[in-house]
Structures are given as structure tokens and as C-alpha cells.
Amino acid sequence: MYDFTSMIPRRNTDSVKWDVKPNELPMWVADMDFKVAPEIRDAMRQKIDFGIFGYEEPHDDYFQAVIDWYTKEHHATPKKEWMFLSTGVVPTISSSVRRVSNVGDNVLVQAPVYNIFYNSIVNNGRHVLSSDLVYDPNNHQYHIDFADLERKLAEPLTTMMILCNPHNPIGKVWSRDELIKINQLCIKHSVTLLSDEIHGDLVFQGDDYTPMFSLPDDLIQNVIVCVSPSKTFNVAALHAATVIIPNQVLRDKVNRGINTDELGEPNLLAIPGTIAAYTKAGQWVHKLRQHIRANYQTVVDFCQKNIPDVTVVPSTATYLVWIDVSQLTDDSAKLESFIRSQTGLYVSAGTVYGGDGNHFLRMNIASPASMIDDGLNRLKNGIEQSKQSK
Ligand SMILES: Cc1ncc(COP(=O)(O)O)c(C=O)c1O
């Protein structure tokens, strides 16, 4: 019933991802080459046909849709009064930075991490302080150095931390125990913790992710959680996110920042699109996860067999694959641009994510299997050519 195999031409459709040369294959920015679930498109069509598009705000049915989705999918039930609608996760992060920290403060992140976090911090006059994730080259897994994290949270100028769970770009789901530890440290050092959970529905194998708001009440009084249908349902252009803040004082503080003067009104499809996604498109997401899992396995198997110089970092979530190219280069930006120029394959250079990203490439695998095969063959050719050119 759902089509995850057809290649839908997206060139010349204003797509950022596909604004590339005719021979190029874009596997970089995080949107998917799959058509949005028909249930969501139907709801959007109905809205368009209604024909009047004034100012809008969400009501009980919107919040109930979010509550039911998290209850059914993740066995976690946020309270209605904790939530409000925002026009996107990144705008919410930037607005929260302005509301809960001061110019000159440190905002802590865990590099390598989603590059736009840096913009939200630096463009608001705050400093980025990273407690880098630690990479073990033997098992190719990352972990948190909790001693380093605590040292940095304890710095007087550190007033906010931005967590990414599951973590983009490494595809890791943080465990409940790790989340509790992070929380306890943030509480101890009076740091507001923002948890970006935009990839939370895209755990394709292993244990599910733990929504931060499902932790005990006393642990979540300093927490801002951002969830969104954007990645899950491939509706980035919807500009809809739900912000969940259990503590009323913090909620009022952040919500004021997100008021219409700052982030604008929701667009005409945000409310009906989100409700339809959460109430009607669950099956589509369940199928999607199977395709992501199959594509992930294809990438792992192909690289093992055909590109022995690279290793795919083991992951359980997101449709972004983090590929260790440290045996080939210390400068993944250079490798990325070489591969693009020689083969047309456009992946993301790990350098933009900070930390040890200069040893990695990030590949978006939310595309039909035929495109994954094409991308992998180009990756193999590009890497072979780069070795020959040395
Ligand atoms: C971790 C993370 N947060 C936020 C976003 C973007 O969110 P939005 O489009 O709602 O601003 C992305 C997009 O890739 C992401 O990976």
C-alpha cells in the first residue's frame, strides 16, 4: 500500500537536497525521498479545499494526538498542560537559548553533533562548550565522558545544555540510565537541559528511545523537550514542533520567547498535518523503519565487502549513517569534495559536526534501495580514485 521503492524526480521542485547538477546524487541534508503518507496528504488537501487561511492555534485534538502518539509508540505520556506548538525545532532551540541563558554564557553540546546547534548558540552571542563524545576505534562506538561533562557543566558560565536524543550524526540512542545521569548533573549545576528528540521515532533496531519527559517528575523540572513530525513523517516544510516543558515557570519563560513576535504563526498545514500524522500515519512509519533498517544493513554489508578502508559506525536510530574514514584521511571535507567532483555522490563531510568529524562522512539513507546501491557504488569508486590520486 505504501511505496518506498519508486524514485520520485525531485530536481527543479525547490528541494534543497536536489538542487544539484544532473549527474549528482544527493545523500546529504536530512529529508527523505519517500512521498508523505497518503493519510497526511488527504488531511492537507481537505484544509486547502476549505479555502480560508486565517490565524490559527492548536486545540485539544492537536495535543491529544501528540499524547496518544507518545503513549502508543513510546509508552510515555506527556501532560497536556506541558505542551505548546512551535514553528520548528531549530527556531525553538534558538529562542530557548535567548530565554534561558545570557550573552557570553556557555551552552554545552556533545560534538560531533547536528551542526545547526552551533548556529543557535553562536549567532545569539553565546559560547559553544563541547564535552566531546569519545570514540573507541576498536568497537567504533561512542560514549559520554561523564567526568568531563560534569567539569564543563560545573563551569559558572555554563547555563544550558543541548542534548540530541537519538544523536545526529552518530545514530545513537541514549539509555534511560545515561539520561538520568545527564539530568542529575544538570540539576546539580543549575543548567537548563534542552532535549532535541526530533529523531526519536526513527529507532530502527534495538531498544526504543526514552523521551526525556518520561523520567520521574523531580528530574524534569529543568528540562525543555522538542519533538516534531518533521523527520518521522518527512514533513520538514510543515514547520511544526511540539515543545514539552513540565515546569510551569520554565514553560512560561520559554513560551513567551516563542510567541508570535519571534517565531511567527503556524502555517495553514501545521495543525491538520500534525494531527493526521500522529493519528493516522503510524503504519507508514512502521514500514519506513523496516526500509531504513534494510538500507542500513545494505550499507554495512557493502562497505565490509567492497570498501575495507571504511567502517560504518554501529547505530540503531536515524536514517543518517556515520562512516569512519580515518584510515583514508584526516580531512573528511576534502575527501567529500573529491568524491563529489569525481562521482557526483554528495554526502555530508563530518567536519561540520565538530569534534572528531574530520574522520567521518555522513550519508542519508532514506531513499529507495536502488538509490542506495547507486550511492554505494559511487562511494566505492570515489574512494578508490582518491587512493590512486595520492
Ligand atoms: C537534531 C536535529 N534537530 C533539528 C532539526 C531541524 O528541525 P526543524 O526543521 O524543525 O527546525 C534537524 C534536521 O536535520 C536535526 O537533525
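Q: Where does proline 169 lie in this structure?
A: In this predicted model, proline 169 lies in the loop between β7 and α6, and proline 166 is found in the loop between β7 (158–164) and α6 (176–188) as well.

Q: What makes the peptide bonds that lead into proline 166 and proline 169 worth a remark?
A: The bond from asparagine 165 to proline 166 is cis, with omega near -5°, and the bond from asparagine 168 to proline 169 is also cis, with omega near 20°. Most peptide bonds are trans, so a cis bond departs from what most bonds do.

Q: What is said of phi in histidine 239, and where is this residue found?
A: Phi of histidine 239 is near 50°, which is a positive value in a residue other than glycine, and histidine 239 is found in the loop between β9 (223–227) and β10 (241–244). Most residues other than glycine have a negative phi, so a positive value goes against that general pattern.

Q: Why is the pair formed by the ligand and valine 89 called a polar contact?
A: A polar contact needs a pair of N or O atoms within 3.5 Å. An oxygen atom of the ligand is 2.8 Å from a polar backbone atom of valine 89, so this pair meets the cut-off.

Q: How do you know that the side chains of aspartate 196 and lysine 231 also make polar contacts with the ligand?
A: A polar side-chain atom of aspartate 196 lies 2.5 Å from a nitrogen atom of the ligand, and an N or O atom in the side chain of lysine 231 is 2.8 Å from an oxygen atom of the ligand. Both distances are within 3.5 Å, and therefore both pairs count as polar contacts. As for cover, the protein hides 89% of the 400 Å² of accessible area that the ligand has on its own.

Q: What makes Tyr114 and His199 part of the surroundings of the ligand?
A: A residue is near a molecule if one of its heavy atoms lies within 4 Å of it. The ligand is surrounded by residues that include Tyr114, Cys164, Asn168 and His199, so each of these meets that limit. By class, this shell has seven nonpolar, three polar and two charged residues, and its largest share, three residues, comes from helix α3 (residues 89–100).

Q: In which pocket does the ligand sit, and how much space lies there?
A: The ligand sits in the largest pocket, where about 1300 Å³ of space lies. Of the 50 residues that line this pocket, the closest to its centre are Val29, Ala30, Asp31, Lys231 and Ala236.

Notes: Residues are numbered from 1 along each chain as its sequence is written. This is a predicted model: local features need pLDDT of at least 70, side-chain atom pairs count only at pLDDT 80 or more; totals for chains, interfaces and linings use all residues. Side-chain values use heavy atoms; hydrogens and water are left out. A polar contact is a pair of N or O atoms within 3.5 Å; within protein, one must be able to donate a hydrogen and the other to accept it, and residues adjacent in sequence count only if both atoms are side-chain atoms. Accessible areas come from the Shrake-Rupley method with a 1.4 Å probe; for residues, only the protein chains shown count as cover. On a 1 Å grid over the protein atoms alone, a cavity is a set of points where a 1.4 Å probe fits but cannot get out, and a pocket is an open set with protein on both sides within 12 Å along at least five of seven lines; lining residues have an atom within 4 Å of a point. A molecule sits in a cavity or pocket if more than half of its atoms lie within 2 Å of its grid points. Helices (H or I, at least four residues) and strands (E, at least two) are DSSP runs, numbered from the N terminus. Ala, Val, Leu, Ile, Met, Phe, Trp, Tyr, Cys and Pro count as nonpolar, Asp, Glu, Lys and Arg as charged, and the others, Gly among them, as polar. Grid points are joined across faces, edges and corners, and a volume is the space filled by probe spheres set on the points.
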